[in-house]
Amino acid sequence: MQFFQSVLLRLSTTFVTLLGVAVIVFFVIRVVPGNPIAMMLPPGATESDVTRLTALYGLDKSIPEQFLIWISGVIQGDFGTSITTKQPVLQLVLNRLPATLELSVMALIIAIILGGLMALTGTRLRGTKTEAAIDVTNGMALSVPDFLWGLILILTFGVLLPIFHISGRVTPSLQLPFTTNFYLTEAVLRLRFDLWLDIAAHMFMPALALAIPLAAIIGQLLKQSLKETMHLDYVTLARTKGYSETHVILHEALPNAILPTLTLVGVQFTFLIGGTVIIERLFSYEGLGNMAIDAVINRDLPLIQGIVILFAVIFTGFNLLVDLTYAALNPRLRHA
Amino acid sequence: MSYLSIHNLSARLKGRPDQILRRVSLEVAAGEVRGLVGESGAGKSMIGKAILGTLPHAVEITSGQILLDGTDLLALPPAQRRALVGSKCALIPQDPLTALNPSRRIGPQITNRLVDILRWSRADAEKRARELLAEVQIPDPERVMRSYPHELSGGMRQRILIASAFAAEPKLIIADEPTTALDVTVQKQILKLIAAMQARHGTALLFVTHDLGVVSKVCQSLSVLYAGIVLEDSTIPDFFHAPKHPYSRALLAATPKYTDPDGSLTPVPDAVIAATRAEVAAADRSAHV
């Protein structure tokens, strides 16, 4: 019962957060210089053309007035029409969302696997040269930003050893039988592993570039909390029962040590989604981030608003999910 | 033939000359309860850890033997040693609040050794756990086995840990200050419980403590440890009537009297400490020759 109450409370605060985001983005992009109408009209357009078009998009009204019109549409699920493509923003954004979600989740999975392996290996071999090597690798992975990893990967696995595709989401000549834009997921469900392989080969490098810094953070934090946990009495007690070091790490220490890491992953994942903006551009990956950059360049105000709101929904939704997972993993919170 | 016999066990911090254990020899016969007393830092817990194979990484054993039923534990490969110790020995830890895994239910924490290490069936192990919980006077064992540690009191948790230690019918239990972290009122019950369980199961017990009062109640013999050296090895009646070593005599005199709770505390005299230290140093010198 109390559990549902806290979920409801979280949902309502989430709503307030989203409203705040909507207000900020709406006003900021109207205050910064740049006029979408000027971008749309060809050179030599008359003053009356400008006035007419401005009125058409409602940009002649005051900013609070524009906001009220927009937000009442948003509440009804109408995010307006993109200025550049003349298509509904919601449809544009939802078409691109699956690509970015699949990329982010793939990156998150890679980061958890890499970071987890580093932490577990480092803990198992603590005090050895391998642990020192892992620490050094970690430091390097952490101090190089994701887009630079992207460039390094393009050079290594795209140019020197061309194993992976360096641009796009899928080879354009392929026939795609998909009904949704979750290509990677749908390829699995339709058992089209040939397509899956092609999509994964496109996605791998951008996902890895996004994952490396996050993997380093996960590895570092998890190893630290594992090390602390390994000194606790219940771990020692498990050792005296005859369990191997590996078993003790995996079954006794890990379930408890993972909790602080989980919170961090929740926060970091939202940064990772933010990171997709640059990485998608770098790999010409047709996701939301790439679209966001185009929208900003073209001053496509409704589209920018739509994308930012969607990012905010993902951020807050994911944080909520992490809190719930945390409660599920930690019996002390569940019963409290 | 003693069930556990430690011969000339020496240990030190890795890369440092300071000895933690200095040629410690110790015998525990099958079914015997031996007290291991000494002040903090004397190395008494280190002996328990050396037997169980849970010494900190920074500590290395430099010489000696730990014979468990005739098998030298220090000569065994790690996996074999773990299996042997896991099936023949058990630990009753010091702090019941930290010795249970907070994210697992009580049941599996008692049965895991039986199922994973000794290959019992889950049903048998659970039955055994229920019986043991009843034996350590825990009401409603069924419910307790489904509980998480944070739902139980410290005294309950120590009872659970005692039950868990006896689960596999070990031949030797090491009790590492099992009452130190508990309330004074609970201490007495737990002590009684350990003594009763030991008597019923006939398990040899190495009782690590700094409390001579506890030793006099539970143990049959004791070893007095100072700076990693065994100063005295006596039966309980001998020790309490005629302690041989001056340090033992001072220790005994320093024990607070329950009959005189307001009486001033007697510290171990500096002269005794100095003489004992000199003895330790002399032992170190003779060991190096």
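## Exercises on a predicted two-chain model

The axes of helix H7 (residues 146-160) of chain A and H11(A) cross at roughly 25° and come within 9 Å. This is a predicted model, in which local features need pLDDT of at least 70, side-chain atom pairs count only at pLDDT 80 or more, and totals for chains, interfaces and linings use all residues. Residues are numbered from 1 along each chain as its sequence is written, while chains are lettered from A and ligands numbered from 1 in the order in which they are written.

**Exercise 1.** Classify the packing of H7(A) and H11(A), and state which residues make the contact.

*Solution.* Step one concerns the axes, which are lines fitted to C-alpha atoms, for helices over the stretch in contact, with angles from 0 to 180 degrees between N-to-C directions. Angles under 35 degrees count as roughly parallel, over 145 as roughly antiparallel, 65 to 115 as roughly perpendicular and the rest as oblique. H7(A) and H11(A) are therefore roughly parallel. Step two gives the hand: the crossing of H7(A) and H11(A) is right-handed (the near helix is turned clockwise from the far one by less than a right angle; anticlockwise would be left-handed). Step three lists the contact (C-beta atoms, placed from the backbone, within 7 Å): Asp146(A), Phe147(A) and Gly150(A) of H7(A) meet Gly275(A), Ile278(A), Ile279(A) and Leu282(A) of H11(A). By class, this contact has 4 nonpolar, 2 polar and 1 charged residues. Here Ala, Val, Leu, Ile, Met, Phe, Trp, Tyr, Cys and Pro count as nonpolar, Asp, Glu, Lys and Arg as charged, and the others, Gly among them, as polar.

**Exercise 2.** Repeat the analysis for helix H5 (residues 89-124) of chain A and helix H6 (residues 129-143) of chain A.

*Solution.* The axes of H5(A) and H6(A) are 8 Å apart, at an angle of about 150°. H5(A) is therefore roughly antiparallel to H6(A), and their crossing is left-handed. On the H5(A) side stand Met118(A), Thr121(A) and Gly122(A), which meet Thr130(A), Glu131(A), Ile134(A) and Asn138(A) in H6(A). These residues divide into 2 nonpolar, 4 polar and 1 charged.

**Exercise 3.** Describe the side of chain A that touches chain B, then the setting of Val235(A).

*Solution.* The contact takes 17 residues from chain A and 24 residues from chain B. Helices H10 (233-240), H11 (245-282) and H14 (331-335) of chain A each give two or more residues to that side of chain A; helices are DSSP runs (H or I, at least four residues), numbered from the N terminus. The largest share, 6 residues, comes from H10(A). The side of chain A divides into 5 nonpolar, 7 polar and 5 charged residues. Val235(A) also has its place in helix H10 of chain A. Val235(A) counts as buried, with 23 C-beta neighbours inside 10 Å (buried: 20 or more other C-beta atoms within 10 Å; exposed: 12 or fewer; partly exposed: in between; C-beta atoms placed from the backbone). Leaving aside neighbours within four places in sequence, Val235(A) is in contact with Thr229(A), Met230(A), Val248(A), Glu252(A) and Ala253(A).

**Exercise 4.** Are Leu191(A) and Gln137(B) buried or exposed?

*Solution.* Leu191(A), in the loop between helix H8 (183-189) and helix H9 (193-230) of chain A, has a positive phi near 55°. Leu191(A) is exposed, with 9 other C-beta atoms within 10 Å. Gln137(B) lies in the loop between helix H4 (122-135) and helix H5 (141-146) of chain B, and its phi is about 60°. With 12 C-beta neighbours inside 10 Å, Gln137(B) counts as exposed.

How values were computed. Two residues are in contact if their C-beta atoms, placed from the backbone, lie within 7 Å.
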